[in-house]
Amino acid sequence: MIRAELRSAIAASAARLFGKEQVPDFSLEAPENPEHGDYAANIALLLAKKLGKNPLEVADALAADLKNSQWAASVAGPGFLNFKISPMFLEKEFKEILKRKEKYGSAPAKSKKIQVEFISANPTGPLTLANGRGGFLGDALANIFLRAGYKTEREYYVNDAGNQIVTLGKSLLAVAGVIPEEEQFYKGEYIKTWAAGHASIIKKFKNNPESLGKAAAEDFLKNIKKVIEKKSGIRFDRYTSEDRDIHKKGFAKKAFELFQKKGLMYEKEGAQWLKTTDFGDDKDRVLMTSEGYPTYFLADAGHYLETKLRKFDAKINIVGPDHYGYVKRIQAAAEIIGLEESEVIVTQAIRLMHGTEEVKMSKRKGEFVEFEELVDEVGHDTARYFFLEKSPHTHIDFDLNLARERSTKNPVYYIQYAYVRAQSILKKAESSRPKSKRAGAKKTLELLQTVEERALVKKLIQFPEIIEDTAKDFAVHRVTRYLLLLARAFHNFYEKNRVITADADLTRARIELDKAVVIVLGIALDVLGVSKPKKM
RNA sequence: GUCCCCGUAGCUCAAUGGACAGAGCGCAGGCCUCCGAAGCCUGAGAUUGAGGUUCGAUUCCUCAUGGGGACACCA
């Protein structure tokens, strides 16, 4: 990767001039503006501040020192170092795309094991839009980790034990008229529908809400899996059952004992508490109720312990906004358990709009747009792109009518169109290729000199950096952004440069470029989980 | 009341403290005798407000203001 080499060359130069301990953590970016070179470093600005020197002088000194390396820097603006990629590097990196094909941008395998837990919606009803948002995010993020060389597991944690299952059973009995309604019962249309369709089961379990709840939960889960896997292309490696995999296998108990052994627990009013306040939580949390039931939190701690015991180094947990209050306590548990790296990504809320009016969503009351409905309406590619192009911190105002209307103008088509177009050219080139007498002596990039060609090549070789950065900061929307820019670079190239020409050498070079576009667009679409159409 | 997230163009969203704040949609114009016009080109159009830190702030801090969410021996 070019950027990594350049970075170490700059750091080495700075260390030579100012001492190793002075080298700051500087940025090295590919600027949008081509006048700012292929890469721009702000190291001189940071160093100047640290050393109390003039930024321009520092920049000049660095540029002079770098003259001895294969990197030519120019000083610009307040003290940026701008770099041009040398033709040799560019050629080498470009050929790498054609050589490695769909492996391009894949880092060598590392030993690090990452688990991405996402969706994990309770099987007490259908998936919501927020579930879908987390679903696409987790799916794409896992793809990125795989590309970055990590061993990656996608996990759906199923809360199929405890209170809510009983509540689900009771809710069903209530709509069936067996028992009276209560405030906390689930009341959505889906409850009525299920009850109406499963009269015999309800009858069978009329005195046993827990068994009824379990039966219904299994059914709901089956449906959830259908929506996730068949309709949305979201994949999971593992569905972990709270009941079977955590409680019955003793992990909740093990976590409890671990906390006890570490002396982080105490009893108060008959309940068992964990001192999560020692780890940044605003209050301590109950592990075991005064009636002797394990809390959801204890099961979760058991779940984290189980993950740790399965030798994971890191866990990324993607949760909805309603779980925000849960972050600190679960991070406390992760720390006690000794999970090396634990991240919780909280996706922000989705407001349901009807024109300019907000429609209050409530799963319990059954007022919400089902994720399945969205996917059915606009298709899975559009739905995916719609969520993935936004940072998870953004609050989304969602209008189903607008989504429907806009689905045909979605940027995802712009990208897919570029992909289809590029392939279509390849096909054409194959059938009309002039019999090339001899391969030209010139290197590919010596033949690709127009502004559009250069811009496209540089965009292409940026891809490994996009993967590398995203694996670090989880900002998946960077990839959608990149795809859009890459597609644009290709469309621009297409408008102004004919691939198939009378010049055999030039044609060959442009076909290579076109091939590289197909490869990189294809990989990036795969990473996001968006389909690669053959035609549109 | 306490805590978290968000206020950027008419709309939906970008921008590790950096150079002229970028896209898509929409709007106004222009481009197919030629590899796919679901494309390309041109134009109009924005950082909620007030202070502060900094050589430099959409970004960090404080206050104000608007919106969303979380604050159980529920999950």
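Just after helix α20, F474 takes a positive phi of about 65°. That makes a handy place to begin a walk through this predicted model, so let us step back from F474 into the helix before it. Helix α20 covers residues 463-473, and F463, P464, I466, I467 and T470 are its buried residues. Looking down the axis of α20, these buried residues fall within an arc of 160°, so they line one face of the helix. The face turned away from that buried side carries K472 and D473, which are exposed. What do the buried residues of α20 pack against? Their partners are α5 (129-147), α19 (451-460), α21 and α22.

With one helix in view, here is the chain as a whole. Chain A has 536 residues, of which 41% count as buried. Its secondary structure comes to 22 helices and 15 strands. Taken along the principal axes, the C-alpha atoms fill a box of roughly 85 × 60 × 45 Å. Among contacts in chain A with a separation of 6 or more, 73% are between residues 24 or more positions apart.

The interior comes next. In soluble globular proteins, nonpolar side chains tend to be buried together. Here the largest nonpolar core has 144 residues, and those touching the most other members are L81, L141, L172, V520, L521 and A524. Helix α22 (residues 504-528) gives the most to this core, with 13 residues. To see the core from a single position, take L172: leaving aside its neighbours within four places in sequence, L172 is in contact with I191, W194, A195, I202, L212 and A216.

Another helix worth a visit is α11 (residues 251-261), where F251, A252, A255, F256 and F259 are buried. Viewed down the axis of α11, the buried residues keep within an arc of 150°, and therefore they line one face of the helix. On the other side of α11 sit the exposed residues E257 and K261. The buried residues of α11 pack against both helices and strands: α10 (242-247), α12 (296-309) and α13 (327-337), together with β8 (265-268), β9 (271-274) and β10 (285-288). After α11 comes G263, with a positive phi near 70°.

Now for a sheet. Four strands form an open sheet in the order β1-β2-β4-β3, with antiparallel pairing. Strands β1 (28-29) and β3 (73-76) stand at the edges, each with a single partner strand, so one side of each is left without a neighbour in the sheet. At one edge, β1 runs antiparallel to β2 (residues 39-41), and 2 bridges join them. Within that pairing, L28 stands opposite A41 in β2. At the other edge, β3 and β4 pair in the antiparallel sense over 4 bridges, and A73 stands opposite F83 in β4. The hairpin of β3 and β4 has 3 residues between the strands, and in it G77 takes a positive phi near 55°.

Strand β3 also shows a pattern in its side chains. In a regular strand the side chains alternate between the two faces of the sheet. Along β3, A73 and V75 point to one face and are buried, whereas S74 and A76 point to the other and are not.

A loop gives a contrasting setting. S111 has its place in the loop between α4 (87-100) and β5 (113-117). Is S111 buried or exposed? With 9 other C-beta atoms within 10 Å, S111 is exposed. S111 and Y150 lie 39 residues apart in sequence, and their C-alpha atoms are 6.7 Å apart in space.

Finally, we come to RNA strand B. In the model, 72 residues surround RNA strand B, and the closest are S27, A40, E269, G325 and Y417. Which elements supply at least two residues each to the surface near RNA strand B? They are α2 (43-51), β4 (80-83), α6 (163-175), β15 (396-399), α17 (411-432) and α21 (477-496). Helix α17 gives the most to this surface, with 9 residues. By character, the residues of the surface near RNA strand B divide into 28 nonpolar, 27 polar and 17 charged.

Definitions and conventions: Residues are numbered from 1 along each chain as its sequence is written. Chains are lettered from A and ligands numbered from 1 in the order in which they are written. This is a predicted model: local features need pLDDT of at least 70, side-chain atom pairs count only at pLDDT 80 or more; totals for chains, interfaces and linings use all residues. A residue is near a molecule or strand if its C-beta atom, placed from the backbone, lies within 6 Å of it. Ala, Val, Leu, Ile, Met, Phe, Trp, Tyr, Cys and Pro count as nonpolar, Asp, Glu, Lys and Arg as charged, and the others, Gly among them, as polar. Two strands pair if DSSP finds at least two bridges between them. A residue is buried if 20 or more other C-beta atoms lie within 10 Å of its own, exposed if 12 or fewer, and partly exposed in between; C-beta atoms are placed from the backbone. The arc is that of the directions from the helix axis to the C-beta atoms. Two residues are in contact if their C-beta atoms, placed from the backbone, lie within 7 Å. A nonpolar core is a set of buried Ala, Val, Leu, Ile, Met, Phe, Trp, Tyr and Cys residues joined through C-beta atoms within 7 Å.
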